[in-house]
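Here is a short briefing on one protein chain. Please have the viewer open while you read.

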Amino acid sequence: GGVINLSFMLAIHDISHNTAFGQHRFLANRLFGVFANLPIFVPMATSFKRYHIEHHRYLGVEYVDPDLPTRSEARFFSSTPLKVLWLICQPLLYPIR
């Protein structure tokens, strides 16, 4: 199950870059991303695209890159076990950030 789940998430990642149908077929890419998201059971394809594009725009910029922890997250997730928990929960934290 985990390998299949990862495969669908990687597909959603690539689709978020509009690689499935090209740059000019935005709706087709979005619908295909939603379709690829169905087996995962956690709706994340559309919100992932928004945050992932921001991640590329602000790559590595502290407190702006959505893939880096916020100040409060960095303070709270300060030990190694909590950092592992943050990595696991990061996709769930995206929508509430």
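The points below cover the core, a buried aspartate, a surface patch and two pairs of distant residues. The model is predicted. Its largest nonpolar core holds seven residues. Asp 65 is buried in a loop and has polar contacts to backbone nitrogens.

**Nonpolar core**
- The seven core residues are Ile 12, Ile 15, Ala 36, Ile 40, Met 44, Ala 45 and Phe 48.
- Two elements, α1 (2-16) and α3 (45-57), each give two or more residues to this core.
- In soluble globular proteins, nonpolar side chains tend to be buried together.
- Ile 12 has contacts across the core: Ala 36, Ile 40, Met 44, Ala 45 and Phe 48 are among them.
- Ile 12 also touches Gly 33 and Asn 37. These contacts leave out residues up to four places away in sequence.

**His 13, beside Ile 12 in sequence**
- His 13 sits in helix α1.
- The residue counts as partly exposed because its relative accessible area is 27%, between the 20% and 50% cut-offs.
- Beyond four places in sequence, His 13 touches Phe 48 and His 52.
- Phe 48 is 35 residues from His 13 in sequence, yet their C-alpha atoms are 7.9 Å apart.

**Asp 65**
- Asp 65 lies in the loop between α3 and α4 (71-76).
- With a relative accessible area of 3%, Asp 65 falls under the 20% cut-off and is therefore buried.
- A polar atom of the Asp 65 side chain lies 2.8 Å from the backbone nitrogen of Gly 60.
- The Asp 65 side chain also reaches the backbone nitrogen of Asp 67, at 2.9 Å.
- Setting aside neighbours within four places in sequence, the contacts of Asp 65 are His 55, Tyr 58, Leu 59 and Gly 60.

**Glu 62**
- Glu 62 is in the loop between α3 and α4.
- Glu 62 is exposed, since its relative accessible area of 55% is over 50%.
- From Glu 62 to His 24, the C-alpha distance is 32 Å, with their positions 38 residues apart in sequence.

**Surface patch**
- Phe 21, Phe 32, Phe 35 and Leu 38 make a nonpolar surface patch of about 420 Å².
- Phe 21 is found in the loop between α1 and α2 (26-37).
- Phe 21 is partly exposed, with a relative accessible area of 37%.

Conventions: Residues numbered from 1 in each chain as written. Predicted model: local features only at pLDDT ≥ 70, side-chain atom pairs only at ≥ 80, totals over all residues. Heavy atoms only, no water. Core = buried A, V, L, I, M, F, W, Y, C linked by side-chain atoms within 4.5 Å. Buried < 20%, exposed > 50% of the residue type's maximum accessible area, 1.4 Å probe, protein only. Helix = DSSP H or I, 4+ residues; strand = E, 2+ residues; numbered from the N terminus. Contact = heavy atoms within 4.5 Å. Polar contact = N/O pair within 3.5 Å; in protein donor to acceptor, adjacent residues only side chain to side chain. Patch = residues over 30% accessible without salt bridge, like charges linked within 9 Å, V, L, I, M, F, W, Y side chains within 5 Å. Areas by Shrake-Rupley, 256 points an atom, 1.4 Å probe, with all protein chains shown as cover. Salt bridge = Lys/Arg side-chain N within 4 Å of Asp/Glu carboxyl O.
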